[in-house]
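Biologist: Please take one part of this model and look at it closely. I would like to follow the pockets and then a single residue beside them.

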Amino acid sequence: MKKKILAFWLAALLCLTACHRTEEEQREPVPDPGPDQQEEQGLSVESVSESGQQAGEDGSPLLTWSVVLPQVLYNGQPMNNIGNYYDSQMERQTLHVQEELLPLAQERQQAAQADGKLFTTYTLETDFQVMHQQGDYLSVLRQTVEFTGGVHESTGLAGENWLFREGDCYLLTLQDVLPGAADPRSLVLEQAMAQADARWEEQPDLYFENYRQMMADRWQESDFYLTEDSLVLFFQEYAIGPYTSGPQTFSIPLDALGDALAEGLQP
């Protein structure tokens with residue numbers, strides 16, 4: 001009797017072992033994510049672009065343009081708010097080219113030909129750079145360089161600062177970045193003015209004489225971007241100095257802003 005019971009339990013054990021091995025063989029191993037899959041996790045930034053060129057009636061170059069803007073993805077998928085924002089920026093740029101630059105270029109080319117003068121092709125180029133991408137924060141600097149005749153081209157800057165929340169990105173104001181400051185505008189302008197004073201001492205022709213008043217009057221609170229360790233204010237061409245000075249930037253260290261900074265940005 002004991003031999004029969006022992007044989008029964010041995011057979012049952014062998015059956016369970018075989019079933020376990022069959023399950024292990026059927027279970028597919030989980031593959032390690034490859035480089036492409038790893039890059040898609042979380043926020044990532046790609047680019048979208050549109051470009052074109054237009055020739056005059058005689059076939060000579062009239063206008064060339066190129067617009068490159070960011071496309072921000074979360075786990076490889078576009079997001080609504082930030083996507084709609086840059087779609088709108090692309091539409092604005094292309095309309096500017098088609099409805100403003102092109103008619104102006106055609107008019108100027110015809111006038112130049114009538115006067116026997118040389119016409120120089122109009123150009124517009126927009127590109128961007130990611131200046132800060134850490135945690136839930138993303139900061140983008142866009143630059144547009146435009147030439148419409150004359151002795152030089154013009155450069156315009158745009159800063160866009162984003163916070164990732166609930167699967168999408170939301171555009172931040174200066175108050176959002178400095179919620180602990182009673183007057184965020186005055187806080188950053190005072191530090192920028194101190195830097196401008198030092199530059200003025202070394203190079204008096206860098207700014208207009210009343211540059212301090214111009215800084216206070218002309219700075220737009222959206223004209224800033226973030227880097228890894230700074231909040232950077234910028235002033236457009238001619239805002240506080242001659243064309244030769246170009247756009248002016250003033251970097252304020254994040255650690256100098258203390259508790260005024262949003263918690264996610266504090267060093």
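Modeller: Start with a term: pLDDT is the predictor's confidence in each residue, on a scale from 0 to 100. We need it because this is a predicted model. The chain has a mean pLDDT of 88. A value of 70 or more is reached by 85% of its residues. Residues 1–40 are another matter, with pLDDT below 50. Beyond near neighbours in sequence, that stretch has 6 contacts in the model. Where pLDDT is low, the predicted coordinates should not be read in detail.

Now the pockets. The largest pocket holds about 280 Å³ of space. Its lining is made of Q89, R92, Q93, R142, Q143, T144, G156, L157, A158 and Q236. Look at where these come from. Helix α3 spans 80–114, strand β5 spans 137–147 and strand β6 spans 154–165. Each of these three gives at least two residues to that lining. By type, the lining has 6 polar residues, 2 charged and 2 nonpolar.

Next comes the second largest pocket. About 210 Å³ of space lies there. Its lining counts 16 residues. Nearest its centre are Y85, G159, E160, L171 and S222. Both α3 and β6 supply at least two lining residues here. Strand β6 gives the largest share, with 5 residues. Sorted by type, this lining has 7 nonpolar residues, 5 polar and 4 charged.

Stay on β6 and pick out W162, which sits in that strand. Is W162 buried or exposed? Its relative accessibility is 3%. Buried means under 20%, so W162 counts as buried.

What does W162 touch? Leave out residues up to four places away in sequence, and its contacts include I82, Y85 and Y86. D136, Y137 and L138 are also among them. So are C169, Y170, L171 and L172. Two of these names have come up before: Y85 and L171 are among the residues nearest the centre of the second largest pocket.

Take two of the partners further. Y137 is 25 residues from W162 in sequence. In space, the two are 5.8 Å apart, C-alpha to C-alpha. With Y86, the link is between side chains: the side chain of W162 makes a polar contact with that of Y86, at 3.3 Å.

Put the part together. Strand β6 helps line the largest pocket and gives the largest share of the lining of the second. W162 lies in this strand and is buried.

Technical notes: Residues are numbered from 1 along each chain as its sequence is written. This is a predicted model: local features need pLDDT of at least 70, side-chain atom pairs count only at pLDDT 80 or more; totals for chains, interfaces and linings use all residues. Side-chain values use heavy atoms; hydrogens and water are left out. Contact means heavy atoms within 4.5 Å. On a 1 Å grid over the protein atoms alone, a cavity is a set of points where a 1.4 Å probe fits but cannot get out, and a pocket is an open set with protein on both sides within 12 Å along at least five of seven lines; lining residues have an atom within 4 Å of a point. Grid points are joined across faces, edges and corners, and a volume is the space filled by probe spheres set on the points. Helices (H or I, at least four residues) and strands (E, at least two) are DSSP runs, numbered from the N terminus. Ala, Val, Leu, Ile, Met, Phe, Trp, Tyr, Cys and Pro count as nonpolar, Asp, Glu, Lys and Arg as charged, and the others, Gly among them, as polar. Buried means under 20% relative accessible area, exposed over 50%, partly exposed in between (1.4 Å probe, protein chains only). A polar contact is a pair of N or O atoms within 3.5 Å; within protein, one must be able to donate a hydrogen and the other to accept it, and residues adjacent in sequence count only if both atoms are side-chain atoms.
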